[in-house]
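Visitor: I should like a close look at a single part of this model, namely the surroundings of its ligands. Please set that part in the context of the whole chain.

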Amino acid sequence: MHENALTKRSSTDFADSAGDRECGGCTACCTVLAVHELNKPARWACEHAGQGGCRVYSQRPAGCRDFNCLWLRGGLLSDVENRPDRLGVIFDQFRNRTTGVERFVALELWAGAFEEPRAGELLREIATDRQVELSYRDGTWRTIGAAVTVPQSAPGGDSHETRGKRTIGGDRPESDRI
Ligand code: SF4
Ligand code: SF4
C-alpha cells in the first residue's frame, strides 16, 4: 500500500509552479525514497548523493528527474526552513494511477522530526482538512487528519477533498517569506 509513496516517480499531477526554488544542498529524497532505476531501496542513501547535491545530476535517472517534493513545487511557503533537509519532513501529494485516489504523505527524515515545533505545526495545519499518511523513520506508518479523527463529517463514505493547488502556511506574514 505504501510502496509507491516511498518511490521517486512523476509529480506532474500536482505540479504547482516550482518558481525559482531549487533543491540546493538538499538530498533528502535521495535517501528516503527508492529509485527503481538504481535498484536503491527506500531509506537507503544513494551513492551519488554528495554534500552539495547529486553528483551525477545531468545523468540522473528519470525517476529522479520527475520527482519534486511539495516544497519544491511551491505547495509550502518558500521559507528555506521548510525545505525537507531543514524541516526533517518531506511532504508529497500525488494521485494513485490505478484508483485515482489522491494521497498526501509526510516522510520523516530523522526520529522525532514530526514532533519538532515547525514540522508539528505544519502537520497540524495540513491535517485539519485532509488525511495525512505519516511515514516514521523507524518504518512504521500512521494516518492522521480530519477524515480519520472526525468520521461523522463524512456522510456517505468518502469525504476526501481534492483541493488541488494550495500553499500551506499562507497566514504567515509576507516578511517571513524569502
Ligand atoms: S526532498 Fe525536495 S528539495 Fe529535497 S532534494 Fe528532494 S525534491 Fe529537492
Ligand atoms: S541519482 Fe542523484 S538525484 Fe537520484 S537519488 Fe541519487 S543522488 Fe539523488
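Guide: Helices and strands are taken here as DSSP runs, numbered from the N terminus, with at least four residues for a helix (H or I) and at least two for a strand (E). The model is predicted. On that basis the chain has 6 helices and 6 strands, in the order α-β-β-α-α-α-β-β-α-β-β-α from the N terminus.

The shell around ligand 1 consists of C23, C26, T27, A28, C29, N68, C69, W71, L72, R83, P84 and I90. Two helices, α1 (28-32) and α3 (70-73), each contribute at least two residues to this shell. Its composition by class is 9 nonpolar, 2 polar and 1 charged residues.

Ligand 2 is surrounded by T27, C30, V35, C46, H48, A49, C54, V56, R60 and C64. Here the classes are 7 nonpolar, 2 polar and 1 charged. T27 appears in the shell of ligand 1 and also in that of ligand 2.

The surroundings of ligand 1 also lead into the nonpolar interior. The largest nonpolar core has 31 residues, of which C29, V32, C69, V89, I90 and F91 touch the most other members. Two or more residues of this core come from each of α1, α3, β3 (89-95), β4 (102-108) and α5 (117-126). C29, C69 and I90 also belong to the shell around ligand 1. Apart from neighbours within four places in sequence, C29 is in contact with K8, F67, C69 and I90.

Beside the shell of ligand 2, R55 occupies the loop between β2 (53-54) and α2 (62-66). Not counting residues up to four places away in sequence, R55 touches H48 and G50; H48 is itself one of the residues around ligand 2. R55 is classed as partly exposed because 14 other C-beta atoms lie within 10 Å, a count between the limits of 12 or fewer for exposed and 20 or more for buried.

The loop between α1 and β1 (49-50) holds N39, and R43 lies in the loop between α1 and β1 as well. Phi of N39 is near 55 degrees, a positive value in a residue other than glycine, and phi of R43 is likewise near 55 degrees. N39 counts as exposed because it has 7 C-beta neighbours inside 10 Å, whereas R43, with 17 such neighbours, counts as partly exposed.

For the chain as a whole, buried residues make up 28% of the 178 residues. Of the contacts between residues at least 6 apart in sequence, 59% join residues at least 24 apart.

Key. Residues numbered from 1 in each chain as written. Chains lettered and ligands numbered in written order. Predicted model: local features only at pLDDT ≥ 70, side-chain atom pairs only at ≥ 80, totals over all residues. Near = placed C-beta within 6 Å. Nonpolar A, V, L, I, M, F, W, Y, C, P; charged D, E, K, R; others polar. Core = buried A, V, L, I, M, F, W, Y, C linked by C-beta atoms within 7 Å. Contact = placed C-beta atoms within 7 Å.
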